[in-house]
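The following exchange examines how several descriptive terms are justified from coordinates. Each reply sets a value against its criterion.

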Amino acid sequence: MPEAVSATQPPLLEVKGLGKRFGGFVALDGIDLSVARGERLGLIGPNGSGKSTLVNCLCGTLHNETGTVVFDGKSLNGLIAHERTRLGLARSFQLPKPFHSMDLLDNIRVPLLYTVNARPGHHHLSAAAITARCEELLTHVNLADKARRRPRDLTQVEMRKLELARAVATQPTLLFADEAMAGLSHSEIEEILAVLMRLNEEGITIVLIEHIMSAVMSFSTRLVVLVAGHKIADGLPQEAIRNPEVERAYLGE
Amino acid sequence: MRNSLFWPIIVAVGLAFIVLTRLYLTNEYFYFAGYVVLEYIVLSTAWNILGGYTGYTNFGTGAFFASGAYTSAVLHKMPAVLHTAFGWTVTPVPLPVMILFGGLVSGAMGLGTGYLSLRLRGVFFAIATLALSIVVQTLIVNWDFVGGSRGIYIIRPALAPLGGGYIQYLFTLMTLLAVGAVGIARSIERSRLGLGLASIRDDELAAEASGVPTLKLKLIATTLSGGLMGMAGAPLPYYVTYLDPASSFNLSYAVNSVAMPVIGGMTSWIGPVIGSILLGTIQQLATVTISSALNLLIVGVLLILFVIIAPNGIVGLVQSWRRKREA
């Protein structure tokens, strides 16, 4: 039975005792976290609680001093960022980092050429197939009509969509969406949420790092709360935010 | 122009240029002046692979260029040294082989510089390359085998291969080098590698997150760029017949190889070519008509004007003019 199989399946991402210091400042301390396949995990916490640092450590942008990270059965320790991307771990950046000298098509072409076409044993796409795939990915986020434009011609919400499209182009199994909605209007947040929901339905496990509580609560199936580098809650969203420690962190004593 | 046609076309243009100049130009001065312009095409194209495509500014052109030149000087001395030391009779090393070795030595130096980019970005990388130039020059000044600060005299072979004078032979080789450099630059620009280098120039973190192996690509760029600069420098001893550190490490190589791509346009292979032909020719004319001291002044003034008025160079100007006409 498929259900029985999925119940005994090992988690997609298993983090044990992850620690990161910046000089004397302990940014993350003994973080344990496991993410199951197909999950929509919300990661919240006050400013400076270590959310982005955790994402940076997991994606290889920063180097964690302690702890182990196992992704899809493989240890990530010592792997640099692009190797992790090729294994299927993608991210979007808090501040969008588009390739500003390229048009949108080429922005998407880079990850296709360097991940999908760089994975050993995979069927490599032809140049024409890559262009078609770029257009398809841009269509999914309603940016197809701007394919030949440069990122500077985009609005904020379009920039976030480009950021997501570029991350998805790597064909990830796990996607970290780092504050993909900060500074957007209500309707724009709905747009981004719809994109993320669709990606999840297509089978991508998503970790959403977000400050906007309504978005996190409606999106997540599970909530993890970080405060000052410690994980203080992990569970169903409604239960996690009622946790007294979480209330104290957000509302004060 | 189709990609597959570019190499045949540029090689044909190069060969036609060599044959036509040999047939119709007998004035030796043309070859002396033309050689310098061609040398700058190679240098600025090589610089642009790292500076324009990858976004890492190199102020150490002199180090790579002179390393190529001094590699030739060492190889030139070798037969005589081996004869006096061991009594071996060794045939002189042909110049194309020297060019190859010059490229290898400078390419290895480029590879080392590439590892600097692990920790140094932007202005700090630029400062490190400037320092590299001074370090290599100091080493050469203190290396007696190649004449130290006194310099070394190089006697050209009596007979030039391919007929004609020796300067024509040097001119021919430099034309081929220019063809090779421009062809390589253009191939990179339209390739997967070129797109990867551009992603590094735009944002290194985002490039890594998109699966681009940034260190490997940067090492390819620095090695290729340094190697081509060394190849451009390798024939220098036979061009000047007297090689000394002060002139082979001259600041004008670094300044010109930065200024020419900036003025021509850094985003396309044609930019450095236009910049070199324009600036190189102006400098050669100014040397004859006014004074050679004026050269760097001309470059400086043009550079300031372009950075302010047309930061994307002549290629950028043409592109925006075209876009306006279409709109």
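A residue is buried if 20 or more other C-beta atoms lie within 10 Å of its own. The model is predicted.

Q: Which residues of H12(B) are called buried?
A: Tyr253(B), Ala254(B), Asn256(B), Ser257(B), Val258(B), Ala259(B), Met260(B), Pro261(B), Val262(B), Ile263(B) and Gly264(B) meet the criterion.

Q: What makes H12(B) largely enclosed by the rest of the structure?
A: Of its 14 residues, eleven are buried, and the helix is therefore largely enclosed. The buried residues of H12(B) pack against H2, H3, H5, H13, H14 and H15 of chain B.

Q: How do you know what span to expect of helix H12 of chain B, and what is found?
A: The expected span is 1.5 Å times one less than the number of residues. For the 14 residues of H12(B), residues 251–264, this should give 20 Å; the end C-alpha atoms lie 20 Å apart, so the two values agree. Just after H12(B), Gly265(B) adopts a positive phi of about 125°.

Q: Why is chain B called as compact as a globular protein of its length?
A: The globule rule gives 20 Å for 327 residues, and the radius of gyration of chain B is 20 Å, close to that value; the description therefore holds. Chain B contains 15 helices and two strands, and 45% of its 327 residues count as buried.

Q: What makes up the side of chain A that touches chain B?
A: Its residues divide into ten nonpolar, seven polar and six charged. In total, 23 residues of chain A are in contact with 16 residues of chain B. H4(A) supplies the largest share of this side, six residues.

Terms used:
Residues are numbered from 1 along each chain as its sequence is written. Chains are lettered from A and ligands numbered from 1 in the order in which they are written. This is a predicted model: local features need pLDDT of at least 70, side-chain atom pairs count only at pLDDT 80 or more; totals for chains, interfaces and linings use all residues. Two residues are in contact if their C-beta atoms, placed from the backbone, lie within 7 Å. Helices (H or I, at least four residues) and strands (E, at least two) are DSSP runs, numbered from the N terminus. Ala, Val, Leu, Ile, Met, Phe, Trp, Tyr, Cys and Pro count as nonpolar, Asp, Glu, Lys and Arg as charged, and the others, Gly among them, as polar. A residue is buried if 20 or more other C-beta atoms lie within 10 Å of its own, exposed if 12 or fewer, and partly exposed in between; C-beta atoms are placed from the backbone. The radius of gyration is taken over C-alpha atoms; the globule rule is 2.2 Å times the number of residues to the power 0.38.
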